[in-house]
Amino acid sequence: MSTDTAIRALRRARPRSRFLRATLLAALSLAAWSLLRVAAGSEEFLSARQRANLGRFFADARPAPLAGRDFDAGVAARWAGEVLSSRGLPAAAATLGIAAAAAVLAALLGLLFALPAARTLWTPSPWLAPTGPPGRAVRFAFGATGSLARALLALLRGLPDYALAFLLVAAVGPVPWAAVLALALPNAGVLGRLFAETAENLPPAAPAALRAGGAGRMAIAVAVLLPAALPRLLLYFFYRFDTCVRGATVLGMLGIFSLGYCFEEARARHRTDELLLLVAVAAVLTLLLDALSAAARSAVRRS
Amino acid sequence: MGRDGQLRRPLPGVRTVVCLALLAGGLAAAAGLGLFSGGGGRPGGLGAIGDFLAHAVHPSLVSEAPAPFGGGSLLPDLLAGVRETVVFAAAGLALAMLLGLPLGLLGSSALSADGGSRAGRTVRTGLRLLARGFASAVRSVHELVWAVLFLAALGRSDAAAVAALALPYAGNIAKVFAELIDEAPRAAGLALRAAGAPAAPAFAIGVLPRLFPDLVSFLFYEFECLLRSSAVLGFFGFPTLGYLLAGSFENLYHGEVWTYLFALLALLLLVEGTGAAVRRRLGP
């Protein structure tokens, strides 16, 4: 019995947090309410209309040259080759190009913004006790620009790439720049914040030593922060590159040439067979680049 | 910086090569897309972008439509849009967790760690590969592409839209949960097993608590991403913030656009803040 009492005493003494319980309760109620609301707002699952739609969808999924005929691998392969060479592969190349340009632009912008956003770097006297009292105006200027940079990064992170691309396409037309900018800006927000946090979490010894030797902010950033943080920065970069590939596919649905453009075009012509083949191309492209970026990440980690 | 927190000498070699290759790749891609040579589209459109950016400092809380329709408060629309965005995202996350967490457990090494018969091991390994393959497959298709496919297959349906949101996120959750399990310290779980505990309690008591804080942070992050995706779903006609955004964009009511964007941003910051507060209280 005494073990039981001890266990009960231990249980009573466990750390409890009212905040955590309230959050858990709120999360569970939100989930239940949302599921019920969606269920109530939808017709019954697989209603007659949906069954009819589904039947048509799967009938159309059969490659068009095979309609009403027995399956013939040769015909199917010729059809797939034609779709791939006329649309699939050029669109996959365009998707890849948009993603690469956007990810590199995002990394460059992120690096630029990370400097004022890093709290350890962007102060009147980084890493060293101030020799004299810095003026109030100087401290305010650093504080204000730093906060502004962090707020700007948060704003960029919050912008949905699709909404941004919608605006850019409406303004300048469906050109690749619209997709590149729409992907680069939100990702610059993500990378800028991660870069700034990496810079803040570096051990202070080396920058302090350089600072004591008279180095300025930029010298420290280039000579210490960048090389020390580079592996971490590259890891983040590759994660975002994966996101950019998925994003570049989808932004095509707004009329910019990429895989998404071909999805919309196939859908508009009610060519379900081509739509599914092109979605499969997008999936394979994503999986290949995931594998490539995983390999690059592990190479960087080992280096 | 190495994982041990020591500064290392910056090595030439892999990192330099990777960095240069990335820059070259980015430049080549930009040149290939014609970004440097008149790829800028209609230059007249820059005025619209300027007008859009100028409205960032004065979002509008009243409708900007011309006289007979405009002038009314935007608040009812805004609140409904925010509510529906949250509903779609929360329902999507709930479904994604229901599917993704068991899938992650199946895909981790937790179930195939110890002995049993050879046939049993083969079955477990097969299940693990199947779970991982399924998670990768659903992850490799973007949620909006799933939405397009579901729209084409089923017609418009809120439940189908939520399922489209849930599928790739279930894949994400499965992948990360499996990785967290595989990377968690095993000692406590193994000790419990050695002392005779069955596999399930040994896992729940010996392994799960160590990865729980990281899992919760990750789920909050996924909820942020889902909120953004759920908002964008509105561009396809669902009643979330994107629906309002698209309408205001098309009419060039840029003050309204910023109101909706700031509402989404506030929602994201709220989730991020709650996630950080929860993470602090859950410990390291």
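Which helices each supply at least two residues of the lining of the second largest pocket? I took this up as my opening entry. The model is predicted.

**Entry: the second largest pocket**

I looked up the helices. Helix H2 (18–41) of chain A is one of them. Chain B brings helix H3 (75–107), helix H8 (199–233) and helix H10 (254–282). Each of these four supplies at least two lining residues.

I then looked up the volume. The second largest pocket holds about 1,300 Å³ of space. Its lining counts 39 residues. Those nearest the centre are A:Thr23, A:Leu24, A:Ala27, B:Val216 and B:Phe220. I sorted the lining by class and got 32 nonpolar, three polar and four charged residues.

**Entry: the largest cavity**

How many cavities of 30 Å³ or more does the structure hold? I found two.

I began with the largest cavity, which has about 60 Å³ of space. From chain A, the lining takes A:Arg246, A:Thr249, A:Val279, A:Ala282 and A:Thr286. From chain B, it takes B:Ser140, B:Val141, B:His142 and B:Val145.

Which helix gives the most to this lining? I noted H11(A), with three residues. Helix H11 spans 272–302 of chain A, and helix H9 spans 217–251 of that chain. Each of them supplies at least two residues here. By class, I wrote down four nonpolar, four polar and one charged residues.

**Entry: the second largest cavity**

I moved on to the second largest cavity, with a volume of about 30 Å³. Chain A lines it with A:Leu159, A:Pro160, A:Ala163, A:Leu164 and A:Leu167. Chain B lines it with B:Phe52, B:Phe249 and B:Leu261. Helix H6 (residues 161–172) of chain A gives the largest share, three residues. What classes does this lining have? I noted eight nonpolar residues, no polar and no charged ones.

**Entry: two helices of chain B**

I turned to helix H4 (residues 118–139) and helix H6 (residues 158–183), both of chain B. Their axes come within 7 Å and cross at roughly 135°. That angle is why I call H4(B) oblique to H6(B). The crossing of H4(B) past H6(B) is left-handed.

Which residues of H4(B) meet H6(B)? I listed B:Arg132, B:Ala135, B:Val138 and B:Arg139. On the H6(B) side I listed B:Leu167, B:Pro168, B:Gly171, B:Asn172, B:Ala174, B:Lys175, B:Ala178 and B:Asp182. By class, this contact of H4(B) with H6(B) has six nonpolar, two polar and four charged residues.

Methods: Residues numbered from 1 in each chain as written. Chains lettered and ligands numbered in written order. Predicted model: local features only at pLDDT ≥ 70, side-chain atom pairs only at ≥ 80, totals over all residues. Heavy atoms only, no water. Axes fitted to C-alpha atoms, helices over the stretch in contact; angles between N-to-C directions. Parallel < 35°, antiparallel > 145°, perpendicular 65-115°, else oblique. Left-handed = near helix turned anticlockwise from the far one by under 90°. Contact = heavy atoms within 4.5 Å. Nonpolar A, V, L, I, M, F, W, Y, C, P; charged D, E, K, R; others polar. 1 Å grid on protein atoms, 1.4 Å probe; cavity = no way out; pocket = protein on both sides within 12 Å on 5 of 7 lines; lining within 4 Å. Points joined across faces, edges and corners; volume = space filled by probe spheres on them.
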